[in-house]
There are 2 protein chains.
Amino acid sequence: MIAVDWGTSSFRAYRLDAAGRILERRASAAGILAVGEGGFASALEAELSGWNDAGPILMSGMIGSRQGWREVPYVACPAGIAELARGLLPVEWGDGRRAWIVPGLVCRDDASVPEIMRGEETQIIGALAALPEGGDAILCLPGTHSKWATVRGGRILSFTTAMTGEAFAVLRRHSILGRLMPDEMDESDGWFEAGLRRAGEGGGLLHHLFGVRSRGLFGEVPEAGLAPYLSGILIGHEIAALAPPSGVVHLIGAIRLVALYERALRVGGRVSRVLDPDAVAGGLFRLEAARTAG
Amino acid sequence: MIAVDWGTSSFRAYRLDAAGRILERRASAAGILAVGEGGFASALEAELSGWNDAGPILMSGMIGSRQGWREVPYVACPAGIAELARGLLPVEWGDGRRAWIVPGLVCRDDASVPEIMRGEETQIIGALAALPEGGDAILCLPGTHSKWATVRGGRILSFTTAMTGEAFAVLRRHSILGRLMPDEMDESDGWFEAGLRRAGEGGGLLHHLFGVRSRGLFGEVPEAGLAPYLSGILIGHEIAALAPPSGVVHLIGAIRLVALYERALRVGGRVSRVLDPDAVAGGLFRLEAARTAG
């Protein structure tokens, strides 16, 4: 089969064998915003060229959103493989070509504000086999919109989102905080940890953000340290607000970002475990198995 | 005399009589970024044209920063009229023309991170006469970088900054949160208050930001309500982190923004008092009096 993770700004595809092992992988910048309405079929054909006869195609991510190929309704939590497989919707093109899109998930936080995800649910499904016996776990999927999910008995019980990655990006690119920051980012110098500690001090996030400016102006944080310091402040605030007080945090995501969250959780005295960043391929494999079985 | 409040993106000038009363006022968009190095003398001449023989010129704000006309060293807190007047530095141009620039203030927060202001110290000096007997008060100056200052015995003891206004602007203009927001902003519909209440719920600011997106997508907050809702979340977080638990908060700033802070403080059960938004003119008048006396 072919497993596709089609997000806002990136496209990833995996060719899998009958046991779900990755035979080949591809990635490009052809995210849904770069492709746009009406162009998805030809974009998919181009991205998968040469992978003919590779079997069914399953896709997850923002390709199932209103801005994607076909809007696939959110499935309500708690949800596991069965609920997600039932929500798969097909898209068709050309001479009988077809692919399936995985639905996203919706739940409500304690104050009944909606939470939504598209793509992360499939990564979590792919990671289930690596979770502790019984399938109870806390997962964190860092990113533009970080997700913290609670898994119970192999199903996604609930999840919470923090706009950490996007806040970092817009503050760095568009606020006064970015003025002194060099383009390259190197988190090896301890300033990321300084930001994490800062997040634990009083005054709140909006106050801590200003300190990035003032410490930069006073030369207390070198220019190369300002972006890691800001990153540490934001990730520190996210973890302080959303990490459970105890228990292992299972991390899925891009290697470099996951490594930062590992460091952040360690500074906070928490234990983390890094799961396969290609979990999405395994998730799509399991959903395809459920689809054909069901 | 002529009192000038010269900031990053705006220029305001007041012609005052010998008792400090405002005779005439001017405002333009000729902030220091729009003018730039080498252009300050001619910009000032142009802005003040016709106000010849109006007496000495005092200026406060970012005009005294590294990007301004002349960098005037920060004065350390606690500081009052005497310390600020001693820190005044002149700029000279043309045929013996001269103006004085007010220094900014610096202090340290509880974690020893530097706090800086340029311009607000002069507004606070101008507001001293309106403060309770003895000159002890909490002041809040909302804006791009909101300031919370503690005044004791008529001197500025310490202050704290929150990047609230700038965070609002960059999130609205450059993040996904702005996508559904109309250009015009109307805070009359209760969504600002909904944002304030949201700030009091669990999950932290980065989580609450994402809820602006999800509630917008689900139609739970109408498009016209999204910017006020975001504004309420940010101001609510600022106040929760920085407002003292009790006591009157004295507000100085633009009328519309100060009205939002009044509403926010009221929702939080706090009492506020709005001071003269032209306090900067009175501050420059008092500093000029101290300069000529000293």
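**A six-stranded sheet and a two-chain interface**

Let's start with the sheet in chain A of this predicted model: six strands form an open sheet in the order β3-β2-β1-β4-β7-β6, and their pairing is mixed. At the edges stand β3 (22-28) and β6 (89-93) of chain A, each with a single partner strand, so one side of each is left without a neighbour in the sheet. On average, neighbouring strands are turned by 20 degrees against each other, direction ignored.

If you would like to trace one pairing, look at β2 (residues 11-16) of chain A, which runs antiparallel to β3(A) and is joined to it by six bridges. One place to find your bearings is A:Phe11, whose bridge partner in β3(A) is A:Ser28.

Now add the helices. Helix α2 (residues 40-47) of chain A lies across β1, β2, β3, β4, β6 and β7 of chain A, at about 125 degrees to β1(A). Helix α10 (residues 279-293) of chain A lies across β1, β2, β3, β4 and β7, and runs at about 125 degrees to β4(A).

From here, turn to the partner chain. In chain A, 48 residues are in contact with 48 residues of chain B. The two chains bury about 3,700 Å² between them, with carbon and sulfur atoms giving 71% of that area. A:Met163, A:Leu206 and A:Phe210 supply 20% of the area that chain A buries against chain B, more than any other three residues.

There is polar chemistry here too. Four salt bridges cross the interface of chain A and chain B; the side chains of A:Arg108 and B:Glu220 meet in a salt bridge at 2.6 Å, N to O. On the side of chain A that touches chain B, α7(A) gives the largest share, nine residues.

Key:
Residues are numbered from 1 along each chain as its sequence is written. Chains are lettered from A and ligands numbered from 1 in the order in which they are written. This is a predicted model: local features need pLDDT of at least 70, side-chain atom pairs count only at pLDDT 80 or more; totals for chains, interfaces and linings use all residues. Side-chain values use heavy atoms; hydrogens and water are left out. Two strands pair if DSSP finds at least two bridges between them. Helices (H or I, at least four residues) and strands (E, at least two) are DSSP runs, numbered from the N terminus. Axes are lines fitted to C-alpha atoms, for helices over the stretch in contact, and angles run from 0 to 180 degrees between N-to-C directions. Contact means heavy atoms within 4.5 Å. Buried area is the accessible area (1.4 Å probe) that two parts lose on being put together, summed over both.
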